[in-house]
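Student: I should like a close look at a single part of this model, set within the chain to which it belongs. Please give one connected account.

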Amino acid sequence: MQKKEARRPRTAPREAVILFTVGATGFAIAAGAVEEIRGLEGLARFAPPFKLRSLARVKHTLARGKKTCFVVDAAAQFGIAASRDTRLLLLRHAAVAVQVENVARMAEIATLHALPRAFTGDERRWYRGLAQVGDDVVPVVAPEAFLTAAEISLLHAGGAQGAAREVPEGAVSA
Amino acid sequence: MTSANANSFVLFPLGEKRFALPAETVTELARPDRLQTFPHTTPLVAGVLLRRGRVVPVCDFAAVLVGPQAPLRKFYLIANRSFGSVRERTAIPVTGECTLTSSEMLPPTGKLPPYVCGLLLLQDEIVEVLDLERLAAVEARA
């Protein structure tokens, strides 16, 4: 008599994500990509020394011990007009933080849908894919798309020239 | 004898005009659904629909085909687009009900846009048959 194989429940691997908003738009980022979520205190205004449009979205830095974190304005990154930022997501992979309006909650996603091929623009770099959260589809951002290694290198070069100056608390807005 | 050009087409309205797609590329006509949007930079892609657990991009070609004054789109025509060897569903907003017709497709003549791959003569109406890939390419160059 054949042994019946024990049936294991099939569970898709799930990924923990942090849901955040920029303006009226919801996004997700892998929870493992975020080292810390914090407020906007301690930001120093930063003027990128190079006239590169792609660097204009870096408006602040944050001192973390001996390290300098470059802070990317998510609204500027995604071309969103209005955002009342209150939170920073400090990323794990590099000295980069992302300024967002709010952090909503954590969630688990079962499926990461590939971005449809009809999308051919910058979004192919911005997003790892799309996730269904409840009835909503939210883009799951690619952490490395906020600043590339080359951009970070350029910004460090600018930082060495002493471009940063302190910003009073509460002065950071959209 | 059947002509090589004889084929089935789905006719769809965009305002006053009707256009056609080869029936083999069309999978369904969908009722209005919740358009979900997020930031992107692809021209004429309006967002996505979530249909039966699948993400379907919405490509609104009305501005290219009938100009900015296109009336409210009420339905989605779901068609297949080819990306190399991969086929992907795309939702195209249309303004009314679609119909299936069988007719011989005539080759495009004169100064027609590159996305018109043929013409259908239907009684007193000339309907342009669209090539979605070329239409999308026009949109990308715009």
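Tutor: The model is predicted, and the chain that holds the part in question is best described before the part itself. Chain B has 142 residues and a radius of gyration of 15 Å, which agrees with the value near 14 Å that a compact globule of that length would have. Along its principal axes, the C-alpha trace of chain B spans about 50 × 30 × 30 Å.

The secondary structure of chain B consists of 2 helices and 10 strands. Read from the N terminus, the order of these elements is β-β-β-β-β-α-β-β-β-β-β-α. Of the contacts in chain B between residues at least 6 apart in sequence, 50% link residues that are at least 24 apart. Buried residues account for 35% of the 142 residues in chain B.

The part to examine closely is the hairpin formed by β4(B) and β5(B). Strand β4 of chain B covers residues 45-51 and runs antiparallel to β5(B), to which 6 bridges join it. One position in this pairing can be named: B:Val45 stands opposite B:Cys59, a residue of β5(B). Between the two strands lie 2 residues, and B:Arg52, in the turn, has a positive phi of about 50 degrees.

How many residues of strand β5 (residues 54-59) of chain B are buried? The count is 5 of 6, and β5 of chain B is thus mostly covered. As a general point, the side chains of a regular strand alternate between the two faces of the sheet.

Chain B also meets a partner. In the interface, 18 residues of chain A are in contact with 18 residues of chain B. On the chain A side, β11 (127-133) and β12 (136-141) each supply at least two of the residues that touch chain B. The largest share of that side, 3 residues, comes from β12(A). By class, the side of chain A that touches chain B comprises 8 nonpolar, 6 polar and 4 charged residues.

A word on confidence in chain A is needed as well. The mean pLDDT of chain A is 86, and 83% of its residues reach 70 or more. Over residues 163-174 of chain A, however, pLDDT stays under 50, and the model has 28 contacts beyond four places in sequence for that stretch. Where pLDDT is low, the predicted coordinates should not be read in detail.

Conventions. Residues numbered from 1 in each chain as written. Chains lettered and ligands numbered in written order. Predicted model: local features only at pLDDT ≥ 70, side-chain atom pairs only at ≥ 80, totals over all residues. Contact = placed C-beta atoms within 7 Å. Helix = DSSP H or I, 4+ residues; strand = E, 2+ residues; numbered from the N terminus. Nonpolar A, V, L, I, M, F, W, Y, C, P; charged D, E, K, R; others polar. Rg over C-alpha atoms; globule rule 2.2 N^0.38 Å. Buried ≥ 20, exposed ≤ 12 C-beta atoms within 10 Å, placed from the backbone. pLDDT = per-residue confidence, 0-100. Pairing = 2+ DSSP bridges.
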